[in-house]
Amino acid sequence: MKWIDIARGELGTSEVPSVKANPRIIEYHKATTLRANSDEIPWCSSLVNWVMQTAGFPTTRSAAARSWVRYGVKSELRPGAIVVFSRGSNPAFGHVGFVDRFDASYVWVLGGNQGNRVSIARYPLSRLVACRWPVANVEPLA
């Protein structure tokens with residue numbers, strides 16, 4: 001899967017303490033309509049947008065993680081799928097990334113802004129909101 005190869009190539013990209021922003025993270029933000037100029041602004045969705053855009057797929061162009069809830073087509077958990085998780089009690093907040101692997105209780109997510117870097121981190125299945133698969137040449141649902 002081209003998008004996963006691209007995402008894996010970004011592993012280790014991180015925020016830079018005491019610097020305005022890592023230029024690579026600003027590149028991720030440019031794939032959204034927010035076009036933030038700081039790596040202190042949540043950037044998980046920016047990374048997913050950048051990865052999918054770079055791979056030649058439609059994107060949501062939104063910096064909101066929950067914008068991916070209706071992207072592409074519904075999918076079962078499988079490596080490469082886009083997953084959206086709840087974050088806190090506000091239903092507008094979330095986290096988005098790509099499935100690396102999973103078991104009966106957790107999903108390991110290849111994503112951005114995980115510990116302030118692109119990494120693979122574990123999330124409980126109980127927080128899973130959506131699992132989506134990209135479809136080429138199909139605009140995401142709003």
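**Exercise 1. Aromatic rings**

Ring pairs join W3, F57 and W133 into a cluster. This is a predicted model, so let us explore its rings step by step. Find out how many aromatic pairs the structure holds, and decide how the pair of F85 and Y123 should be classed.

*Solution*

Step 1. The structure holds 7 aromatic pairs.

Step 2. F85 and Y123 form one of them, with 5.1 Å from centre to centre and 25 degrees between the planes. Planes under 30 degrees apart count as stacked, so this pair is stacked.

Step 3. Now place the two residues along the chain. F85 belongs to strand β2 and Y123 to strand β5 (residues 119-124); they are 38 residues apart, and the pair links distant parts of the chain.

Step 4. Finally, look at their surroundings: F85 and Y123 are both buried.

**Exercise 2. Charges over rings**

Find which ring lies under the charged end of R78, and which residue lies over the face of Y106.

*Solution*

Step 1. Begin at R78: its charged end sits over the ring of W133, 3.5 Å from the ring centre. You have met W133 already, in the cluster with W3 and F57.

Step 2. Move on to Y106. R122 lies over its face, at 3.8 Å from the ring centre.

**Exercise 3. Strand partners**

Work out how β6 pairs with β1 and with β2.

*Solution*

Step 1. Strand β1 (residues 73-74) pairs with strand β6 (residues 128-133) in the antiparallel sense, over 2 bridges. Here K74 stands opposite R132.

Step 2. Strand β2 (residues 82-86) is also antiparallel to β6, and this pairing has 4 bridges. In β6, R132 is the bridge partner of I82.

Step 3. Put the two together: R132 stands opposite K74 and is the bridge partner of I82 as well.

**Exercise 4. The setting of H95**

Is H95 buried or exposed? Describe what its side chain meets.

*Solution*

Step 1. H95 lies in strand β3 (residues 94-102).

Step 2. Its relative accessibility is 6%, so H95 counts as buried.

Step 3. The H95 side chain makes a polar contact with the side chain of Q114, at 2.9 Å.

Step 4. Leaving aside residues up to four places away in sequence, H95 touches several others, including C44, V83, F85, Q114 and Y123. Two of these names, F85 and Y123, are the stacked pair from the opening exercise.

**Exercise 5. Counting disulfides**

How many disulfides are there? Check C44 and C131.

*Solution*

Step 1. Recall that a disulfide is a covalent bond between the sulfur atoms of two cysteines. The cut-off is a sulfur pair within 2.5 Å.

Step 2. The count comes to 0 disulfides. For C44, the nearest cysteine sulfur is that of C131, 16 Å away, and C44 is in no disulfide. C131 is in none either, with the sulfur of C44 as its nearest.

Step 3. With a relative accessible area of 6%, C44 is buried. C131 has 8% relative accessibility and therefore counts as buried too.

**Exercise 6. Unusual backbone angles**

Most residues other than glycine have a negative phi. Describe the phi and the place of R61 and of N116.

*Solution*

Step 1. R61 is not a glycine, yet its phi is positive, about 60 degrees. R61 sits in the loop between α3 (44-54) and β1, and at 33% relative accessibility it counts as partly exposed.

Step 2. N116, likewise not a glycine, has a positive phi of about 65 degrees. Its place is the loop between β4 (106-111) and β5. Since its relative accessibility is 41%, N116 counts as partly exposed.

How values were computed: Residues are numbered from 1 along each chain as its sequence is written. This is a predicted model: local features need pLDDT of at least 70, side-chain atom pairs count only at pLDDT 80 or more; totals for chains, interfaces and linings use all residues. Side-chain values use heavy atoms; hydrogens and water are left out. Two strands pair if DSSP finds at least two bridges between them. Rings of Phe, Tyr and Trp (its six-membered ring) pair if their centres lie within 6.5 Å; planes under 30 degrees apart count as stacked, over 60 as edge-to-face and the rest as tilted. Buried means under 20% relative accessible area, exposed over 50%, partly exposed in between (1.4 Å probe, protein chains only). A charge sits over a ring if NZ of Lys or CZ of Arg is within 6 Å of the ring centre and within 35 degrees of the ring normal. A polar contact is a pair of N or O atoms within 3.5 Å; within protein, one must be able to donate a hydrogen and the other to accept it, and residues adjacent in sequence count only if both atoms are side-chain atoms. Contact means heavy atoms within 4.5 Å.
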